[in-house]
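The following exercises are to be worked with the sequence and the three-dimensional structure at hand. Each task is followed by a solution in steps.

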Amino acid sequence: INELFWTPGGNPHLRPERGYTLDGAATATWKFRSIQFQLNGGLYRHLIDDWLQWVPGSAGFWEARNVKKVEARGTELSLRSSWSNSRSRVLFTAHYSFTESVVRESDVAGSAETGRQLIYVPYNKGGGMVTLSHGLISIYTAATFSGFFFTDPSNSYYLDGHQLFDAGITLQGKKRFAPVLSFRVMNLFNQ
């Protein structure tokens, strides 16, 4: 609905997306001594006609438009590992995705975007988190990264990738429905 009617930038002349998707995934779980592991992996491929995309407009506002044909394909991986005893727990999670989203055909003849990555879609993204818990106290640190991404349809200009780091501490009450006290710092290094 936003793509059609948002003011400014909505486009009431948009066509609905149509397409085909193929997804496959697998999970492996195992235990080594007192450490549990879970590995998830997946592949996908999407062939979409009339892909809906928000792009920077000439008046300084983002505008919705259709891209005639887009092929998006990639892989996603995640790992979860945990160790615990009667009072303590360590949890580690990590994830990574590779995404190639290419304009296969444009509504504009001879467009520079044909055969190129969609704007603002990074090829690489990922992150991880470590949580240490002891009794009622938990502390965590997390990191995410995004690879570079193009900012124009011809893929001539791009923004460098970036990383974000977060950290926090949580104190859980003793009773079943007890309050939680939490302190978090997002974007720890202000980058």
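The exercises below treat the sheet, its hairpins, two single residues and a surface patch.

The model is a predicted one, in which local features need pLDDT of at least 70 and side-chain atom pairs count only at pLDDT 80 or more, while totals for chains, interfaces and linings use all residues. Residues are numbered from 1 along each chain as its sequence is written, and side-chain values use heavy atoms, with hydrogens and water left out.

**Exercise 1. The sheet**

Determine the strand order of the open sheet and identify the strands at its edges.

Step 1. Strands are DSSP runs of E with at least two residues, numbered from the N terminus. Two strands pair if DSSP finds at least two bridges between them.

Step 2. Eight strands form the open sheet, and their order is β1-β2-β3-β4-β5-β6-β9-β10, with antiparallel pairing.

Step 3. The edges are occupied by β1 and β10 (180-185); each has a single partner strand, so one side of each lacks a neighbour in the sheet. From one strand to the next, the twist averages 15° (axes are lines fitted to C-alpha atoms, and angles run from 0 to 180 degrees between N-to-C directions).

**Exercise 2. Pairings and hairpins**

Follow the antiparallel pairs from β2 to β6, giving bridges and turns.

Step 1. Strand β2 (residues 35-56) is joined to strand β3 (residues 62-84) by 21 bridges, and W54 stands opposite A64 in β3. Five residues separate β2 and β3 in their hairpin, where G60 in the turn has a positive phi of about 90°.

Step 2. Between β3 and β4 there are 16 bridges; T75 faces F98 in β4. The hairpin of β3 and β4 has three residues between the strands.

Step 3. Strand β4 (residues 88-105) pairs with strand β5 (residues 124-134) over eleven bridges. Here S88 stands opposite H134, and Y96 has G126 as its bridge partner.

Step 4. Ten bridges link β5 and β6, with T141 in β6 as the bridge partner of V130. The hairpin of β5 and β6 has two residues between the strands, and G135 takes a positive phi near 60°.

**Exercise 3. Two residues compared**

Classify A26 and S101 as buried or exposed, and list their contacts.

Step 1. Buried means under 20% relative accessible area, exposed over 50%, and partly exposed in between (1.4 Å probe, protein chains only). A contact means heavy atoms within 4.5 Å.

Step 2. A26 belongs to strand β1 (residues 18-32) and counts as exposed because its relative accessibility is 52%. Not counting residues up to four places away in sequence, A26 touches L39, N40 and G41. A26 and L39 are 13 residues apart in sequence, with 8.3 Å from C-alpha to C-alpha.

Step 3. S101 lies in strand β4 and is buried, with a relative accessible area of 4%. Under the exclusion of residues up to four places away in sequence, S101 touches E71, A72, R116, Q117, L118 and V121.

**Exercise 4. A nonpolar surface patch**

Locate the nonpolar patch on the surface and state which elements contribute two or more residues.

Step 1. Such a patch is made of residues with over 30% relative accessible area and no salt bridge, with nonpolar side chains (Val, Leu, Ile, Met, Phe, Trp, Tyr) joined within 5 Å. A salt bridge is a side-chain nitrogen of Lys or Arg within 4 Å of a carboxyl oxygen of Asp or Glu.

Step 2. The members include W83, V90, F92, V130, I137 and F183, and the patch has about 990 Å² of accessible area together (Shrake-Rupley method, 1.4 Å probe).

Step 3. Two or more residues come from each of β4, β5, β6 (137-146), β9 (162-172) and β10.

Step 4. I137, in strand β6, counts as partly exposed at 42% relative accessibility.

Methods
Helices (H or I, at least four residues) and strands (E, at least two) are DSSP runs, numbered from the N terminus. Patches are made of residues with over 30% relative accessible area and no salt bridge: like charges are joined within 9 Å, nonpolar side chains (Val, Leu, Ile, Met, Phe, Trp, Tyr) within 5 Å.
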